[in-house]
Amino acid sequence: MAHRLTFENSAELGVFARLTNSYCLLAQPPVEATTESQRFYAEFARVFGDDLPVVQVSIGGNRIVGRVCVGNRYGLLVPSITTDAEIAAISQGVPPNVRVHRVEERLSALGNCIVCNDSMALVHTDLDTETVKIVEDVLRVQVHRNAVGDQVLVGSYCTITNKGGIVPKGVDPEQIQELATILGVPFVAGTVNNGSPMVGTGIVANDSAVFCGKDTTQGEEACLRAIFRPAK
């Protein structure tokens, strides 16, 4: 199944969470969390239990952790606005073999500009060459510069795991096949949150679980289950 949630009345779960196969980062809770936000934290904790660390963090004092960082089972890249205290807190929460690296990059919303699984990454066509080298080194991935349709914010318009990937409806079938060949996983075209093309911000997934916004329809959820094949 796909777990349908909201955070502070937002269905864009990928703005507030970063999920990999070795850790999960969630935005620090507000002082007075709504009932829906409390369920957001409780559901991640319930699904993963002791199987995977779920860490509540801020990055640069912000809660939009899913948009400003990117990672996989091997590493985590955070932007230059991340404080030393935040890096220390993240490093303490994730497994010790996960490398946490601060990146000096003009395109600082790393989660919008990079999407990856544990072996491949798709990055914004204008990402700095030095940043690409860091992505390859820290995340241990092969990097491909490409767009998703006409969208260069690949992290906002694509979600991939080691099992599959999703891009918005309307992307040319030939490009979908190209992405599947490049990244080595099957792809599907779909939407989330009742027709939104921003499948990168509306979906949070790893190889065992999928989370999506509460506005996601049954048909959209069925598409997510088919391509990501979650066990939890």
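**Close-up views of loops, strands and helices**

**Gly 61 in its loop.** Gly 61 is found in the loop between E4 and H3; helices (H or I, at least four residues) and strands (E, at least two) are DSSP runs numbered from the N terminus. The model is a predicted one, in which local features need pLDDT of at least 70 and side-chain atom pairs count only at pLDDT 80 or more, while totals for chains, interfaces and linings use all residues. Residues are numbered from 1 along each chain as its sequence is written, and side-chain values use heavy atoms, with hydrogens and water left out. With a relative accessibility of 60%, Gly 61 counts as exposed (over 50% relative accessible area; buried is under 20% and partly exposed in between, with a 1.4 Å probe and protein chains only). Cys 158 lies 97 residues from Gly 61 along the chain, and the C-alpha atoms of the two are 26 Å apart.

**Helix H2, end to end.** Here is a helix whose length is a nice check: the 14 residues of H2 (residues 35-48) should span 20 Å at 1.5 Å a residue, and this agrees with the 20 Å between its end C-alpha atoms (the expected span is 1.5 Å times one less than the number of residues). Just after H2 comes Gly 49, which has a positive phi, near 50 degrees.

**The two faces of helix H2.** Look for Ser 37, Phe 40, Tyr 41, Glu 43, Phe 44, Val 47 and Phe 48, the buried residues of H2. Down the helix axis they fall within an arc of 155 degrees, so they line one face of H2 (the arc is that of the directions from the axis to the C-beta atoms). Turned away from this buried side is a face with the exposed residues Thr 35 and Arg 46. The cover over the buried residues of H2 includes strands E1 (2-5), E2 (17-19), E3 (24-27), E4 (54-57) and E15 (210-213), together with helix H1 (13-16).

**Helix H4 and its packing.** In H4 (residues 84-93), the buried residues to find are Glu 86, Ile 87 and Ile 90. Their arc around the axis is only 100 degrees, which puts them on the same side of H4. Asp 84, Ala 85 and Gln 92 are exposed on the face turned away from that buried side. E3, E4, strand E6 (75-79) and strand E7 (99-103) are the elements against which the buried residues of H4 pack.

**Val 188 and its neighbours.** Strand E13 (residues 187-190) holds Val 188, which counts as partly exposed at 22% relative accessibility. Leaving aside residues up to four places away in sequence, Val 188 touches Gly 165, Ile 166, Val 167, Cys 223 and Ile 227 (contact means heavy atoms within 4.5 Å). Gly 165 is 23 residues from Val 188 along the chain, with 6.5 Å between their C-alpha atoms.

**Two non-glycine residues with positive phi.** Start with Arg 140, which is not a glycine but has a positive phi of about 60 degrees. The loop between helix H6 (129-139) and strand E10 (142-145) is where Arg 140 is found, and with a relative accessible area of 54% this residue is exposed. Now turn to Asn 193, also not a glycine, with a positive phi of about 55 degrees. Asn 193 is found in the loop between E13 and helix H8 (199-202). Its relative accessible area is 10%, so Asn 193 is buried.
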